[in-house]
Each structure stands twice: as structure tokens, then as C-alpha cells.
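Could you walk me through this fold, starting with how its helices pack and ending with its backbone oddities? I would like to follow along in the viewer.

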Amino acid sequence: MLRLLLLSVVIVLVRYASARTCPSRSFIKQSLIDAHIPGAAIIVVNTTDILYQEAFGHQSFFPMQMMDVNKSVFVLGSISKTFIAVAVMQLVELNRLDLDTDINQYLSSPNQRISHPQYPSHAITLRQLLSHSASIGINEETDLTFMQYEDDAFMQMSLADACFTYLSHNTSNWLPKPPGTVTLYSNVGASLAGLVIERVTQMPYELYVKENILIPLGINVKKVGFRLSDIEDKEELVKQYAFNTSYLEAWNQALPQLNITKNPLLDWLYIPFYSMSIYPAGLLRMSAQSLSKFLRMFMNNGSSLLHPRSIAEMRKVVDGVVPYDNSNPPILSFGLIWNWRKLRNRQRYIGHGGSMPGARHSMLINEQGTIGIIVLTNADVSPHNDISIRTRGKTEDIQMSLFSCFEN
């Protein structure tokens, strides 16, 4: 009888495993190698638990250090923006902010107003900033100057000075369209929303996030922060790399302040740690395990941080706007920072990606809100070449295979 019971259990487990198309560790490892990704931390969650967590490859080549899901601290890039949206919605719930009010009412800077120079009567609102529809343009040369070695950017220019300087009545940094009519992804626009939070709460944005998001989620604040100095154990910081040393000259022309170097033994460029003045948009640092707590909060309709209606507001695609560059089909549909996208499997997902020098990440939730996947890597996709295309493709393959596994 016991043998029959054990046999039936084995049969059920075999059938369950065969019904799921789950990627093996060797498949993921080989995908990362093929895409020239030094290392990765991957987590799959549902609303209550971590279903899968694995680390692959190297956090550092010299000294050699392997990646760790719980300990390895990444710079999150634009995934940091999702914390801006949560902070704004917390203040909306407290009636301290309104999504459709002119932000100048909150900035309280009568001598430094933010308005479109060609459309001064059109108010800039938080809804526009969070949906990238404020008609703020891209100035890549200025964007690169925001980035400085280690924590130097925090000492060289304040968040307020960076935003007001970039958005002065210099028409080269604005789109020739009225605010609220077109979308174009803007790091400065998202950081301006962070500045609004600073002015309304009368505390630094980084401190607001710490006290009102990180600590309530039970995230160890000694292992997370916007500044390198926030991280207690510097050995846990993930080092950043770019493949192919032939790009060294181009890198140092674009970012001479970082002093990027090549490895004498391997075909990798080493990108030193950096900071940037518009830090809310991309500089939050934490581990994949810590980020998974934040993701589960969103999947749980705000948990203890937000009311479900605020999560619904962030998920809702903003109406009445079209992509500024409509020559190609839109890749993203913007909610409030959180955005919708289709992967090659034609399924819709909500979340956010993140790309910085030597960092490429993705945080996605399936449309049903039942499975979330975080993939953090120290790969680089800055130059648009075959390597970056392969990196994006392989990380998407990994996510699609994990969704297929855990949704079934």
C-alpha cells in the first residue's frame, strides 16, 4: 500500500513537471554567456512568496566575486522611477498633492517657474511628468554631464539646480508640442516629480523614500540607498562592465569624468561607480531580494503603503497622448511611471526596465498580476549594436521562459 502511495506521488510530480516548460539553470547560464552578461540575479514572486531565486556569474571580475541574490547591490537605473510614482501617490492620498495641478504651486519658487517656453499657458502637471507627456525634450550632451564619479554629483549640483537649469526657457530642451499631447521618455521629468516631493514634504527625496517606503517594507536601509556612502558594506556593490574593449575611446569621449578603463586580460571595460544630479530617476541601489519586497507590495494592491485605487491609477494607461516619434509602433504604453509592454510572446506585462552604464534590468508583472519577475544584471546596452541587441533579446528570452514556467 505504501509503495502504491509513493508511486502515485511520483507520477503526479512527473506529470506536473512535464506540464511546465521551465528553463534549466544551464539554459539561463548559457543565455547570459551568449549575451556577454557578466552576472545576474533573478527572482520570481507571486503575491505572497518568492517562487524562484538564483544568482549567476560574477558580481566582480577583480577580485573575483560571484553574484548573490540577497547580498549583491545593483544600481537600479530607471526601475528607481517606480519609487517616485509610489511616493507621489502616497502624498495624493494625504491630499498634499494633486495629479492635475500646476506643479509650480508645489515648487514655491516664484523666480523659477517651470513652463513650456512656447506654450506658457499650458500647466505642467504631475500626471504629465509621471506619464512622460510634459513635452520635455532630450539633450544627451547635458544628460551625460549629470553623471559624475562616485558620489561627486551630489556635491556639484543639487536636484533643484539640475531641474531648473535643464528646464529653463531654452527651447532646445523642450518639444515643439503642447504639454499633455505627446509622450517622450524623460529622466529630467521624472526627477522633477521627485523635486516636487521634496518641496511639499520639506525633506530630501532620498530621505522620504527611506522613511515612507523602504522602512515600512522591512528593507534593510544599511543595504540600500541613492549614494554609495549609504551602503554599509561596499563589497556588496555590483561592479559594472561593458563588453568589447575596442569601444574604450568612445566611452571616454562620452564620459571622460568616469575614467573608464579596460581589463588587460579580458575583453571587458570597467565602469567605475557613479552618481548623477537627477538621482531620483535612476540611482537607487539595492539587491534583487530587497526589490522583490517592493514588487510584491505593488502586486498586493499597495499592501500597507497605498490604497488599491492608487495602484489602479498607476496601472491605467494615460489617455489623449500619442508618441512624439510615431515613425515606429510604440513599444511602451505609459501609466504613471509603470508602463505596459508586449514581449515577443505577444503577452502584455506591466513594470519597468532600467539601463545605466554597466547595468541592464527588467521588472515585470503578468497582466493577471499573479507572477512578477525581476532580472538584474551588470551588462551594458549603451551602444546600439549587435551586442546590446543580443543582451536585450536573451534577457527577454529568460523572462518569457520563466513566465511560461510559473504561470502554468
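What follows is a tour of helix packing, nonpolar cores and a few backbone details. Please keep in mind that this is a predicted model.

Let us begin with the helices. Two packed helices are described by the angle between their axes and the distance between the axes. Take helix α2 (residues 25-34) and helix α14 (residues 386-407): their axes cross at roughly 165° and come within 9 Å. An angle over 145 degrees counts as roughly antiparallel, and α2 and α14 are therefore roughly antiparallel to each other. The crossing in which α2 passes α14 is left-handed. On the α2 side, the contact is made by F27, I28, S31, L32 and D34, while α14 contributes R390, K394, I398 and S401. Sorted by class, this contact of α2 with α14 has four nonpolar, two polar and three charged residues.

A second pair makes a good companion. Helix α3 (residues 81-93) packs with helix α13 (residues 308-315) at an angle of about 130°, and their axes are 10 Å apart. That angle makes α3 oblique to α13. Here α3 passes α13 in a right-handed crossing. If you select the contact residues, you will find A85, V86, M89 and E93 on α3, with S310, E313 and M314 on α13. By class, the contact of α3 with α13 has four nonpolar, one polar and two charged residues.

From here we can step into the interior. In soluble globular proteins, nonpolar side chains tend to be buried together. In this model, the largest nonpolar core has 97 residues. Those with the most contacts inside that core are F83, L126, L291, F294, M314 and W338. M314 is already familiar from the contact between α3 and α13. F294 deserves a closer look: setting aside residues up to four places away in sequence, F294 touches T82, F83, V86, I213, L217, W338 and M363. Apart from the largest core lies another core, of 22 residues, with I37, L364, F403 and F406 among them.

Next, look at the loop between α12 (288-299) and α13, where N301 is found. Is N301 buried, exposed or partly exposed? Its relative accessibility is 42%, so N301 counts as partly exposed. Leaving out neighbours within four places in sequence, N301 is in contact with L306, H307, P308 and I311. For a sense of scale, N301 and A123 are 178 residues apart in sequence and 30 Å apart in space, C-alpha to C-alpha.

Finally, let us turn to the backbone. Most residues other than glycine have a negative phi, and most peptide bonds are trans. Which two residues does a cis peptide bond join? They are F62 and P63, with omega at about -5°. P63 lies in the loop between β2 (50-60) and β3 (65-66).

Two residues other than glycine have a positive phi worth inspecting: I337, with phi near 65°, and R346, with phi near 70°. I337 sits in the loop between β13 (332-334) and β14 (339-342), whereas R346 has its place in the loop between β14 and β15 (348-356). Their surroundings can be told apart by accessibility. I337 has 0% relative accessibility and so counts as buried. R346, at 71% relative accessibility, counts as exposed.

Technical notes: Residues are numbered from 1 along each chain as its sequence is written. This is a predicted model: local features need pLDDT of at least 70, side-chain atom pairs count only at pLDDT 80 or more; totals for chains, interfaces and linings use all residues. Side-chain values use heavy atoms; hydrogens and water are left out. Axes are lines fitted to C-alpha atoms, for helices over the stretch in contact, and angles run from 0 to 180 degrees between N-to-C directions. Helices (H or I, at least four residues) and strands (E, at least two) are DSSP runs, numbered from the N terminus. Angles under 35 degrees count as roughly parallel, over 145 as roughly antiparallel, 65 to 115 as roughly perpendicular and the rest as oblique. A crossing is left-handed if the near helix is turned anticlockwise from the far one by less than a right angle, and right-handed if clockwise. Contact means heavy atoms within 4.5 Å. Ala, Val, Leu, Ile, Met, Phe, Trp, Tyr, Cys and Pro count as nonpolar, Asp, Glu, Lys and Arg as charged, and the others, Gly among them, as polar. A nonpolar core is a set of buried Ala, Val, Leu, Ile, Met, Phe, Trp, Tyr and Cys residues joined through side-chain atoms within 4.5 Å. Buried means under 20% relative accessible area, exposed over 50%, partly exposed in between (1.4 Å probe, protein chains only).
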